[in-house]
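Here is a short briefing on one protein model. Please keep the sequence and the 3D view at hand while reading.

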Amino acid sequence: MEDDPDELWDQIEGPPETEDAPTAAHILLQKYRQSLHYMRLIEHEMPKLVAYRKPFVPPTSETPLIVRSMHYQGENHPASLKKAIVVPVDLLPLKDEKALHKFILLAGPRWSPNAPADAGVSLEEDSDTGYIKISCEDFPTPAMNLKWASDTLDKLIKEANDGKDTFEDVPIDVRHIIAKIRKAKKGDHRGNRMLNRPSIRDFPKEWLPTPFE
């Protein structure tokens, strides 16, 4: 039995059975919805954060720890669990030079004469005895990792202040510093620049031009 031409024509000219947009249009609409969602958050939720605003208080010698972490704006990422603390050794409660020497020995590769690049320390700040950095990402929550790093620092300080064995005859191991400097390939391994890299503080003041009045 042959199909009726008029019926076929009506099927072609009639409205489609499904009224839906193509996939590309749905993707575009989803982007618009996401943008509108964040616009609403900025308009209605961001002003509420003013209630949590606190004045900035510069750190003192009683709060020398610098805590560093990474955040991915709510997205789950393994690196967000990591916590790192950095502190100048000058500000630690070490009782004497022997305790300082023992502390640096116990810290091992966690100690460096200069502040780590990601420590959040200003270039204007300087420590005569270097910095120590302790990080941890072994535990399931950031608070637990921070607690472990803080407890480890407390144990190092307690052991360094214990005068039973001061390890005075043991030199400070700087092999990790030498390896890092050589790996950077910036020429600091030559001469005496390895632990005493020149900075702007070493520039002779008499060479500075006289400012115009």
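Asp 96 caps the N-terminal end of helix H3. One of its side-chain oxygens lies 3.3 Å from the backbone nitrogen of Lys 98. The model is a predicted one. The points below start with H3 and then turn to the sheet, one loop residue and the whole chain.

**Helix H3**

- H3 spans residues 97-107.
- Its buried residues are Ala 99, Leu 100, His 101, Lys 102, Phe 103, Ile 104 and Ala 107.
- Lys 98, whose backbone nitrogen takes part in the cap, is not listed among these buried residues of H3.
- The packing partners of the buried H3 residues are strand S3, strand S4 (131-136) and helix H4.
- Just after the helix comes Gly 108, with a positive phi of about 65 degrees.

**The sheet**

- Four strands make up an open sheet, and their pairing is antiparallel.
- The strand order is S1-S2-S4-S3.
- Strand S1 (66-69) and strand S3 (111-112) stand at the edges. Each has a single partner strand, so one side of each is left without a neighbour in the sheet.
- S1 pairs with strand S2 (residues 83-88) over four bridges, in the antiparallel sense.
- Within the S1-S2 topic, Val 67 stands opposite Ile 85 in S2.
- S3, an edge strand of the sheet, is also one of the elements that the buried residues of H3 pack against.

**Phe 167**

- Which residue has a positive phi although it is not a glycine? Phe 167 does, at about 55 degrees.
- Phe 167 sits in the loop between helix H4 (142-160) and helix H5 (175-184).
- Is Phe 167 buried, partly exposed or exposed? Its relative accessible area is 31%, so Phe 167 counts as partly exposed.

**The whole chain**

- The protein has five helices and four strands.
- From the N terminus on, the elements run α-α-β-β-α-β-β-α-α.
- Of the 213 residues, 21% count as buried.
- Among contacts with a separation of 6 or more, 62% join residues 24 or more positions apart.
- The accessible surface comes to about 17,800 Å². Carbon and sulfur atoms hold 56% of that surface.

How values were computed:
Residues are numbered from 1 along each chain as its sequence is written. This is a predicted model: local features need pLDDT of at least 70, side-chain atom pairs count only at pLDDT 80 or more; totals for chains, interfaces and linings use all residues. Side-chain values use heavy atoms; hydrogens and water are left out. Helices (H or I, at least four residues) and strands (E, at least two) are DSSP runs, numbered from the N terminus. Buried means under 20% relative accessible area, exposed over 50%, partly exposed in between (1.4 Å probe, protein chains only). Contact means heavy atoms within 4.5 Å. Accessible areas come from the Shrake-Rupley method with a 1.4 Å probe; for residues, only the protein chains shown count as cover. Two strands pair if DSSP finds at least two bridges between them. A polar contact is a pair of N or O atoms within 3.5 Å; within protein, one must be able to donate a hydrogen and the other to accept it, and residues adjacent in sequence count only if both atoms are side-chain atoms.
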